[in-house]
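Here are my notes on the model. Please read them with the structure open.

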Amino acid sequence: LMLSSRTITHDERRRVLGYLPLFVVSGIYFGFLFQKFTAISILIDERVDRALGDWEFPVAWVTTVSPLAAVLVTPFIARLWDRLGDRQPSQAAKVGIGLTQIGVAYLVLLIIAETTGEAPLPLVLILLFMAIAGSSEVFVGPIGLSMASRIGPARLQSQMVGLNFLTLALGSSLSGLLGQLFTVLPNGVYFTIVAAGGIVLGAAILAASGRLDRLLRSGLD
C-alpha cells in the first residue's frame, strides 16, 4: 500500500524499497533468536547438565541470559558508535552484523553439540551461546526501529513503524515452524541449517549494504 500510494514521493518510495530486504531478513533474524523459546528450550531441558550440587538450574533462567546479554552490551556498543562517529557501520551493515553474529552463535552451538556426542552439554557453554546470540539483538532491533522512524514517508510514518514491529510477528511464526523442524531433524543438521542461514544472509546484507544505504538515504542527504 505504501509503495502504490499517491501520497508518497519518488524518494520516499525508494527508501521503502531499500527497507524491504532488511524487513525480510530482520524477520528471519528474530525467528532464529526466538528459538530460545522453542528448540533451544527443548535442548536445554533434554541435553544440558543443569545440576549444581543438589539444585537444578531452571530452564527459564538459562533463557534469560539472552536478553540480559543484550542489556549489558548496549552501553558499550553505543559508546563505540559514538567514538566512531561517521566511521561507524551503516544501518544496513549493522543488520548484516547482527545476522552474522547469530549465525556464528549457532555455529558455536553446533560445535558444542557435535564434540560432546551423546554426553550432556555443559551448562557454561550453553550460557556462552545464549550470550552471543542475545547480544546480537543490539544490531537489529533498535536499528530497525530507528531506521523505520527516519526513512518512513512523511504521511505514512506510523505505518512504517508498525511495519517494522511486524518483524517480531514474522520471527515468532518462523520460530514455531523451526521448532517443529527441530523435533524431526538430528541436532547437528538443524544447527547447521540455522548457522548457515544466519551467516549467509548476514554476508549478503553486508555485501549489498552500499546499494541499500543509497536507497535508504534518498532525499535525506
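1. A residue counts as buried when its relative accessible area is under 20%. The model is a predicted one, and the burial calls below are computed from it.

2. Start with Q91. Its relative accessible area is 16%, so Q91 is buried by the under 20% cut-off. Q91 sits in helix α5, which covers residues 91-116.

3. What is Q91 in contact with, leaving aside its neighbours within four places in sequence? The partners are I143, S146, M147, R150 and D213.

4. Next, the largest pocket. Its volume is about 160 Å³. The lining consists of T74, I77, A78, W81, Q88, K94, V138, P142 and I143. I143 thus appears twice in these notes: it lines the largest pocket, and I143 is also in contact with Q91.

5. Which helices supply at least two residues each of that lining? They are α4 (65-84) and α7 (141-151). The largest share comes from α4, with 4 residues.

6. By character, the lining of the largest pocket divides into 6 nonpolar residues, 2 polar and 1 charged.

7. Helix α6 spans residues 123-135. Its 13 residues should span 18 Å at 1.5 Å a residue, because the expected span is 1.5 Å times one less than the number of residues. The end C-alpha atoms of α6 are 18 Å apart, which agrees.

8. Burial along α6 can be listed too. The buried residues of α6 are L123, I126, F129, M130, A133, G134 and S135.

Terms used. Residues are numbered from 1 along each chain as its sequence is written. This is a predicted model: local features need pLDDT of at least 70, side-chain atom pairs count only at pLDDT 80 or more; totals for chains, interfaces and linings use all residues. Side-chain values use heavy atoms; hydrogens and water are left out. Buried means under 20% relative accessible area, exposed over 50%, partly exposed in between (1.4 Å probe, protein chains only). Contact means heavy atoms within 4.5 Å. On a 1 Å grid over the protein atoms alone, a cavity is a set of points where a 1.4 Å probe fits but cannot get out, and a pocket is an open set with protein on both sides within 12 Å along at least five of seven lines; lining residues have an atom within 4 Å of a point. Grid points are joined across faces, edges and corners, and a volume is the space filled by probe spheres set on the points. Ala, Val, Leu, Ile, Met, Phe, Trp, Tyr, Cys and Pro count as nonpolar, Asp, Glu, Lys and Arg as charged, and the others, Gly among them, as polar.
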